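Reader: Could you walk me through one part of this model up close? I'd like to look at the loops, and then at what they connect to.

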Amino acid sequence: MPDDRPGDDEDVAETVGGIDTEILEQIGQHLERSQRFSEVVFQPDYAPSSVVAEYDRGYFPAAIDRAYLQIRWYETDDFSVHYSEQYTDDDQWECRWDRHPNSHNTRSHFHPPPDATTPGDDAEYASDWRDILSSVLEDLDDRIEAFWE
């Protein structure tokens with residue numbers, strides 16, 4: 001795994017409550033069953049409030065060095081799902097699906113690509129983590145398929 005790993009955002013963690021390790025574990029187990037990912041790490045040292053899933057690079061053009069999902073889920077059912085592609089020219093493409101209290105958007109919002117800008121776009125998300133994760137993975141599958149069209 002690359003050395004430039006995502007870290008945790010302590011400011012977000014403080015505003016939304018404690019980490020829901022049970023749901024994070026379920027999310028990690030779900031992602032491990034997907035062929036999309038070469039590695040899924042539950043609460044790694046560099047991001048102890050997260051599950052980090054490294055995409056299999058075979059899904060991407062050679063110009064992409066790395067693609068990953070970093071997911072945080074909180075006891076309040078707030079969450080952050082961050083997707084990032086790291087390019088060989090040191091550029092990146094990223095977006096983020098969030099539900100948490102903030103001053104820049106409604107509680108549920110999406111930070112659009114290519115740089116996950118703040119403020120983002122207000123959004124509505126399902127209440128169950130499985131529905132949210134399915135929707136995110138569908139969006140990302142569309143992104144990946146577009147590379148090969």
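Author: Let's start at A116, which counts as buried at 10% relative accessibility (buried means under 20% relative accessible area, exposed over 50%, and partly exposed in between, with a 1.4 Å probe and protein chains only). Before going further: this is a predicted model, in which local features need pLDDT of at least 70 and side-chain atom pairs count only at pLDDT 80 or more, while totals for chains, interfaces and linings use all residues. Residues are numbered from 1 along each chain as its sequence is written, and side-chain values use heavy atoms, with hydrogens and water left out.

Back to A116. You'll find A116 in the loop between β6 and β7 (strands are DSSP runs of E with at least two residues, helices are runs of H or I with at least four, and both are numbered from the N terminus). The backbone there is worth a look: A116 isn't a glycine, yet its phi is positive, about 50°. The β6–β7 loop also holds P114 and P119, and each of these prolines takes part in a cis peptide bond. For P114 the partner is P113, with omega about 10°; for P119 the partner is T118, with omega about 0°.

Now compare another loop, the one between β1 and β2, where Q43 sits. Q43 has a positive phi too, near 45°, and again the residue is something other than glycine. As for cover, Q43 is partly exposed, because its relative accessible area is 28%.

Two more loops are worth a stop. A62 is in the one between β2 and β3, and at 71% relative accessibility A62 counts as exposed. Its C-alpha is 8.8 Å from that of Y87, with the two positions 25 residues apart in sequence. P101, in the loop between β5 (92-99) and β6 (108-111), is partly exposed at 38% relative accessible area. P101 and D78 are 23 residues apart in sequence, and C-alpha to C-alpha they are 8.3 Å apart in space.

So what do these loops connect? The strands make an open sheet of 7, ordered β1-β2-β3-β4-β5-β6-β7 with antiparallel pairing (two strands pair if DSSP finds at least two bridges between them). At the edges are β1 (37-42) and β7 (121-122), each of which pairs on one side only. Inside the sheet, β2 (residues 51-55) and β3 (residues 64-73) run antiparallel and are joined by 4 bridges, with A53 standing opposite L69 in β3. Along the sequence the whole chain reads α-α-β-β-β-β-β-β-β-α, and 46% of its 149 residues are buried.

The side chains add links of their own. There are 7 salt bridges, where a salt bridge is a side-chain nitrogen of Lys or Arg within 4 Å of a carboxyl oxygen of Asp or Glu. One of the pairs is D141 with R36, whose closest N and O atoms are 2.7 Å apart. That pair ties together distant parts of the chain, 105 residues apart: D141 is in helix α3, and R36 is in the loop between α2 (21-32) and β1. D141 is partly exposed at 24%, and so is R36 at 21%.

Helix α3 also comes up in the salt bridge between R143 and E85, where the closest N and O atoms are 2.8 Å apart. Here R143 in helix α3 reaches E85 in strand β4 (residues 79-87), 58 residues apart. The two ends contrast in cover: R143 counts as partly exposed at 21% relative accessibility, whereas E85 counts as buried at 0%. R57 and D65 form another salt bridge, at 4.0 Å from N to O. R57 is partly exposed at 49%, as is D65 at 34%.
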